[in-house]
Amino acid sequence: MAISTRELTPVVGAEILDVDLRKVSAPARQAIHASFARYGALLFRDQTISDDDLLDFSRGLGDLDPPPNQENGRLSPAGYPDIYVVSNVLDTAGAPIGALGSGEAVWHTDMSYLDVPPFASMLYALEIPDTGGNTWLCSMVEAARQLPDHLRKAIAGRRIKHDGTYNSGGFLRKGVTPTDDPHKAPGAWHPSLCVHPETGEAMLYLGRRRNSYIEGYDADRSSKLLDELWAYATQPKFCYEHHWRVGDLLLWDNRSTMHRRDPFDNSMRRVMHRTQIKGKSAPIPAMHAAA
Ligand code: OGA
Ligand code: MN
């Protein structure tokens, strides 16, 4: 084996041991890609990588995807437009250096309001608060596998609207018109049950709760069903809770997992550098998901 792995939970995530992301051999890279498809999220600890190293490793997974438009627009380290900063820190002029502040970031998957969302995202931890700010992941493969029959029947063959108005911190994206009407909101419709292009596994695909809508139902029925689906999919048994250390790189698959972040004390600093990788196709409907 070119790499050794340790499962983070029985349902999602693995730590890759003994890999220095500055020099990944071709066989190790292949093994990392295979583990990524299998576990949905990978953790690399004790890294000391530069922004160039982060870009090099990211490019090994595919084409870089431009950063999302957040509440402060797109904020990148100087000279690195493909990296985006997640941080509560202000610069010397009092302007935010990154996105998402210090509040909770609610469950979501990245940029599913696009027709072709980025298939993977990664965060590299440069500064971490003493407590709080943990990042949670949940397995949408396991959620699909255990999906109760009544929910499967209720959503099979239907699409869900994914909202592009608000980000996971509850902030309005820069330049977007606020609305709480899912039909007026910018966004994309995607199949509620998708199939993973590499593993062939079925996945529940919810995106984000706010301004979401299940096609073919009235607003009340859609809303109740979505509440039930979200409560079901984010149960602790489907989750991994990541306690950050400086030097951690956490990589997740935006199709087979969702994520959220705990709030933290805003007097503490949290600085993450982030990249995301272009999806190769729109989410693929799981045709036989009703079976
Ligand atoms: C993200 C994100 C959560 C975190 O970068 O897409 O949701 O823990 N971040 O900072
Ligand atoms: Mn995110």
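**Aromatic pairs and buried acids in a predicted model**

Trainee: How many aromatic pairs does the structure hold?

Mentor: Good place to begin, and keep in mind that this is a predicted model. Two rings pair if their centres lie within 6.5 Å. On that basis, the number of aromatic pairs in the structure is three.

Trainee: Is the pair of Phe36 and Phe119 stacked, edge-to-face or tilted?

Mentor: The ring centres of Phe36 and Phe119 lie 6.3 Å apart, and their planes meet at 50 degrees. Stacked needs planes under 30 degrees apart and edge-to-face needs over 60. The angle of 50 degrees fits neither, so the pair of Phe36 and Phe119 is tilted.

Trainee: How many residues apart along the chain are Phe36 and Phe119?

Mentor: Phe36 belongs to helix α1, residues 26-39. Phe119 sits in the loop between β6 (105-108) and β7 (120-127). The pair therefore links distant parts of the chain, and both residues are buried. Their separation in sequence is 83 residues.

Trainee: Which kind of aromatic pair do Tyr232 and Phe238 form?

Mentor: Their rings are 5.4 Å apart, centre to centre, with 70 degrees between the planes. An angle over 60 degrees is the cut-off to apply here. The pair of Tyr232 and Phe238 is edge-to-face.

Trainee: Are Tyr232 and Phe238 buried or exposed?

Mentor: A residue is buried when its relative accessible area is under 20%. Tyr232 has 9% relative accessibility, and Phe238 has 0%. Because each value falls under the cut-off, Tyr232 is buried and Phe238 is also buried.

Trainee: Which residues is Glu142 in contact with, leaving aside neighbours within four places in sequence?

Mentor: Glu142 is part of helix α3, residues 140-145. With a relative accessibility of 13%, Glu142 counts as buried. Its contacts beyond those neighbours include the two rings of the edge-to-face pair. The full list for Glu142 is Val11, Tyr232 and Phe238.

Trainee: Which residues does Asp262 touch, not counting those up to four places away in sequence?

Mentor: Look in the loop between β16 (257-261) and β17 (271-277), where Asp262 is placed. Asp262 counts as buried, at 16% relative accessibility. The residues touching Asp262 are Gly103, Glu104, Gly133, Asn134, Trp136 and Glu241.

Trainee: Where do the buried residues of α2 pack?

Mentor: Helix α2 spans residues 51-59, and its buried residues are Asp51, Asp53, Leu54, Leu55, Phe57 and Ser58. These buried residues pack against one helix and several strands. The elements are α1, β3 (41-44), β7, β15 (249-253) and β17.

Trainee: Which residues does Asp53 touch, not counting those up to four places away in sequence?

Mentor: Asp53 lies in helix α2 and counts as buried at 18% relative accessibility. For a sense of distance, the C-alpha atoms of Asp53 and Glu71 are 27 Å apart, with their positions 18 residues apart along the chain. The residues that Asp53 touches are Arg22 and Thr48.

Trainee: Is Asp149 buried or exposed?

Mentor: Asp149 is found in helix α4, residues 149-155. Its C-alpha atom is 39 Å from that of Val86. Exposed means over 50% relative accessible area. The value for Asp149 is 54%, so Asp149 is exposed.

Trainee: What is the phi of Leu100?

Mentor: Leu100 is in strand β5, residues 99-100, and counts as buried at 11% relative accessibility. Its phi is positive, in a residue other than glycine. The value for Leu100 is near 80 degrees.

Trainee: What is the phi of Asn211?

Mentor: You will find Asn211 in the loop between β12 (202-204) and β13 (213-214). Asn211 counts as buried, at 8% relative accessibility. Although Asn211 is not a glycine, its phi is positive, at about 60 degrees.

Trainee: What is the radius of gyration of the chain?

Mentor: There are five helices and 18 strands in the chain. For 291 residues the globule rule gives 19 Å, and the chain comes close to that, so it is as compact as a globular protein of that length. The radius of gyration is 18 Å.

Methods
Residues numbered from 1 in each chain as written. Chains lettered and ligands numbered in written order. Predicted model: local features only at pLDDT ≥ 70, side-chain atom pairs only at ≥ 80, totals over all residues. Heavy atoms only, no water. Helix = DSSP H or I, 4+ residues; strand = E, 2+ residues; numbered from the N terminus. Rg over C-alpha atoms; globule rule 2.2 N^0.38 Å. Phe/Tyr/Trp six-rings, centres within 6.5 Å; stacked < 30°, edge-to-face > 60°. Buried < 20%, exposed > 50% of the residue type's maximum accessible area, 1.4 Å probe, protein only. Contact = heavy atoms within 4.5 Å.
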